[in-house]
Amino acid sequence: MSINAYKTTIRQSESPRQIERRILARLTGALEAHGDYDTTHNTAARLEILACGLRDALAENQKFWAELKYDLSQPENGLSPNLRAGLLSIALWVDRQTSSIMGGQPGVMALAGVNRTIAAGLATTPAAMAADAEPVQPAAELAQTAHHGG
């Protein structure tokens with residue numbers, strides 16, 4: 001089976017939630033592969049980590065979140081206004097966090113943690129989500145929780 005046929009089969013058999021969860025899992029893995037960036041205090045070493053794949057991982061992650069922001073801003077988006085606002089807030093935080101990392105600050109694992117948390121939410125069925133119906137955490141609070149593993 002060719003790669004294109006495989007991709008078509010996946011698109012036809014997975015829901016948009018499943019596709020987004022799979023993409024986030026891949027992006028999270030790419031970020032976590034460069035988690036040593038956060039514990040490295042040497043500027044030259046951080047630049048090397050950025051050059052050896054972190055910059056590309058950050059760009060891909062930011063592209064995903066930019067596309068999500070666009071989708072969330074569309075009037076036909078079916079998510080509740082509160083959930084849309086919460087996810088938009090997180091997407092804006094991702095932009096700021098990515099810029100901060102590109103500027104030499106730590107935060108790769110916080111980004112990965114937010115992705116992981118959102119991916120876990122996508123793994124939940126919509127019926128289970130409605131039953132739990134917790135308000136969306138503000139982006140900074142979500143990032144803090146994800147960064148500290150709680």
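In this predicted model, His 34 touches Ile 49, Cys 52, Gly 53, Leu 54, Ala 57 and Val 108, with residues up to four places away in sequence left out of the count. This histidine, His 34, sits in the loop between helix 2 and helix 3 (36–39). His 34 counts as buried because its relative accessibility is 15%, and the limit for a buried residue is under 20%.

A step back to the whole chain helps to place these contacts. The secondary structure of the protein chain consists of eight helices and zero strands, so that reading along the sequence gives the pattern α-α-α-α-α-α-α-α. Of the 150 residues in the protein chain, 33% are buried. When contacts between residues at least 6 apart in sequence are considered, 67% of them join residues at least 24 apart.

The interior comes next. In soluble globular proteins, nonpolar side chains tend to be buried together. Here, the largest nonpolar core holds 27 residues, and the members that touch the most other members are Leu 31, Leu 54, Trp 65 and Ile 118. Two or more residues of this core come from each of helix 2 (16–32), helix 4 (43–73), helix 5 and helix 6 (108–123). Helix 4 provides the largest share, nine residues. Leu 31 gives a good view of the surroundings: with residues up to four places away in sequence not counted, Leu 31 touches Leu 54, Ala 57, Leu 58, Asn 61, Val 108, Leu 111, Ala 112 and Asn 115. Among these partners, Leu 54, Ala 57 and Val 108 are also touched by His 34.

Helix 4 features again in the second largest pocket, which encloses about 240 Å³ of space. Its lining is made up of Glu 20, Ile 23, Arg 26, Leu 27, Glu 60, Lys 63, Phe 64, Glu 67 and Leu 68. At least two lining residues come from each of helix 2 and helix 4, and helix 4 gives the most, with five. By residue class, the lining of this second largest pocket has five charged residues, four nonpolar and no polar ones.

A final set of contacts concerns Asp 95, a residue of helix 5 (residues 81–102). Beyond its neighbours within four places in sequence, Asp 95 is in contact with Gln 62 and Lys 69. With Lys 69 there is a polar contact as well, in which the two side chains are joined at 2.5 Å.

Terms used
Residues numbered from 1 in each chain as written. Predicted model: local features only at pLDDT ≥ 70, side-chain atom pairs only at ≥ 80, totals over all residues. Heavy atoms only, no water. Helix = DSSP H or I, 4+ residues; strand = E, 2+ residues; numbered from the N terminus. Polar contact = N/O pair within 3.5 Å; in protein donor to acceptor, adjacent residues only side chain to side chain. Contact = heavy atoms within 4.5 Å. Core = buried A, V, L, I, M, F, W, Y, C linked by side-chain atoms within 4.5 Å. Buried < 20%, exposed > 50% of the residue type's maximum accessible area, 1.4 Å probe, protein only. 1 Å grid on protein atoms, 1.4 Å probe; cavity = no way out; pocket = protein on both sides within 12 Å on 5 of 7 lines; lining within 4 Å. Points joined across faces, edges and corners; volume = space filled by probe spheres on them. Nonpolar A, V, L, I, M, F, W, Y, C, P; charged D, E, K, R; others polar.
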